[in-house]
Amino acid sequence: MPLRPRFLPSSLFRKHSRHFNVLAIESSADDTCAAVVNSSRRILANVVIKQHAVHEEFGGIYPMSAINSHQQNMPYAIRRALDDSRLDIVKDIDGIAFTRGPGMPGCLSVGMNAAKSLAAALKKPLIGVHHMQGHALTSTLTSWPNEPKYPFLTLLISGGHTLLLLAKSNRLFEILATTRDESVGRTFDKVSKLLGLKWTNLGPGDALEKFCAEEIEVDHPSVPPFPRPLHGQLSYSFSAFHSHVTNFMNEHGGHEKVDILTRRALARAFQTAAVGHLEEKLILGIDLCKSKNIHIADIVVSGGVASNQYLRKRLVSCLAEYDRHTSYHLSFPPPHLCTDNAVMIAWASMHRFLANESDPYSIELRPKWSIEDL
Ligand code: KG4
Ligand code: ZN
């Protein structure tokens, strides 16, 4: 007898006499992902095919190559997810979910068309999911049974977004802060490129974190202090960090001329400043909730940049210092579920499937889509 999911009304539970199994597809940026997750919170398959080898030479995601790679990889990702789950798509899969937006239109279409064709051919219900809702709800899957309770604050830091949200329910989100220019993830990527770092298998942001963490020198060359953009305001801006590194590298003849110790000092100063910016806005967000008498006990940090271990440690100590009397429960999904994956898409669709909702097979993409408009 399967465990009864806690959020499933008894009438629906009787209807689904076993777990509800979702096959999900995600292709909003440069990872081709397929996963199978069931309503009892079991991840039965999680396939992520990275495209870093294709994009490294361009120093970022090159859209045409990303689309081509999704087209090549998607059938294998789906096949492997089904094999890993040991489920039969006809008999065992109950619903198909995909990322409807936001994201790169050509990339999203590959996943959407695969999902629509499978759903229509097999007469399965279909649901299109908001990518950032997927990131925001991952902790409600991975932190169980200590999952965050609504309302909670969620800081979503990825390659496309920097968002501080008040999550009021699994489909009601209020944006407390967003970026005025580029996202924190994109800034990590650009700074990594300016410093001439070789990508790790997890990409340029991870390369920058690893470069900062290498503990080989005793003396640290000094580098000019970083700016503090929008200080005191509940809004993000990262372009000044990126310009600061650009100016320094240009003045010193580019990464080939700047020695490794100086480059590492610059990388560390950047990472410290960028995380400080995120910390400051998180505290302003908590203060805002307090001023509105909204009681927050949980804070969730997710999205690719949340896999950064330095950032995790800093946020933990920042919250401990901010308020010694209130202990906020800070949760991070495991790093491989912070970066893009289809598990989060399956999970974000689950409450809708279980409420017998579905989208028409004619559903359209929403490459630009605010999370407040779910
Ligand atoms: O959520 P995600 O996988 O994709 C988007 O939705 O955009 O986030 C990708 C971003 C990239 O900018 C990547 O460089 C950054 O997350 N990232 C990191 C780390 N791992 C991935 N940034 C800093 N430190 C990391 N360890
Ligand atoms: Zn993402």
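Which residue has a polar side-chain atom 2.7 Å from a nitrogen atom of ligand 1? The answer is Glu-209, and the first close-up starts there. Please keep in mind that every view comes from a predicted model.

**View 1. Ligand 1 and its polar partners.** Besides the side chain of Glu-209, which reaches to 2.7 Å from a ligand nitrogen, look for Ser-307, where a polar side-chain atom lies 3.3 Å from a nitrogen atom of ligand 1. Gly-159 takes part through its backbone instead: an N or O atom there is 2.8 Å from an oxygen atom of ligand 1. On its own, ligand 1 has 550 Å² of accessible area, and the protein covers 90% of that.

**View 2. The shell around ligand 1.** The ligand takes up the space of the largest pocket. There are 20 residues around ligand 1, and those that come nearest are Gly-159, Asp-189, Glu-209, Gly-304 and Asp-340. Helices α5 (131–142), α6 (184–194) and α7 (204–213) each bring at least two residues to this shell. The biggest share is from α6, with four residues.

**View 3. Two cis peptide bonds in one loop.** Here we visit the loop between α5 and β6 (152–157), home to Pro-145 and also to Pro-151. Trp-144 and Pro-145 are joined by a cis peptide bond with omega of about 10 degrees. From Tyr-150 to Pro-151 the bond is cis too, with omega near -5 degrees.

**View 4. Positive phi at Lys-123 and Asn-293.** Lys-123 sits in the loop between α4 (105–122) and β5 (126–130). Its phi is near 55 degrees, a positive value in a residue that is not glycine. Lys-123 counts as exposed because its relative accessible area is 74%, where the cut-off is over 50%. Asn-293, in the loop between α9 and β9 (298–302), has a phi near 60 degrees. With a relative accessible area of 73%, Asn-293 is exposed as well.

**View 5. Ser-69 within helix α3.** Ser-69 belongs to helix α3 (residues 63–85). Is this serine buried or exposed? Its relative accessible area is 8%, so Ser-69 is buried, the limit being under 20%. Leaving out residues up to four places away in sequence, Ser-69 touches Thr-32, Gln-51 and Val-54.

**View 6. Thr-262 within helix α9.** Helix α9 (residues 260–291) holds Thr-262, which is buried, with a relative accessible area of 12%. Neighbours within four places in sequence aside, Thr-262 is in contact with Pro-221, Val-223 and Phe-248.

Terms used. Residues are numbered from 1 along each chain as its sequence is written. Chains are lettered from A and ligands numbered from 1 in the order in which they are written. This is a predicted model: local features need pLDDT of at least 70, side-chain atom pairs count only at pLDDT 80 or more; totals for chains, interfaces and linings use all residues. Side-chain values use heavy atoms; hydrogens and water are left out. Buried means under 20% relative accessible area, exposed over 50%, partly exposed in between (1.4 Å probe, protein chains only). Contact means heavy atoms within 4.5 Å. A residue is near a molecule or strand if one of its heavy atoms lies within 4 Å of it. A polar contact is a pair of N or O atoms within 3.5 Å; within protein, one must be able to donate a hydrogen and the other to accept it, and residues adjacent in sequence count only if both atoms are side-chain atoms. Accessible areas come from the Shrake-Rupley method with a 1.4 Å probe; for residues, only the protein chains shown count as cover. On a 1 Å grid over the protein atoms alone, a cavity is a set of points where a 1.4 Å probe fits but cannot get out, and a pocket is an open set with protein on both sides within 12 Å along at least five of seven lines; lining residues have an atom within 4 Å of a point. A molecule sits in a cavity or pocket if more than half of its atoms lie within 2 Å of its grid points.
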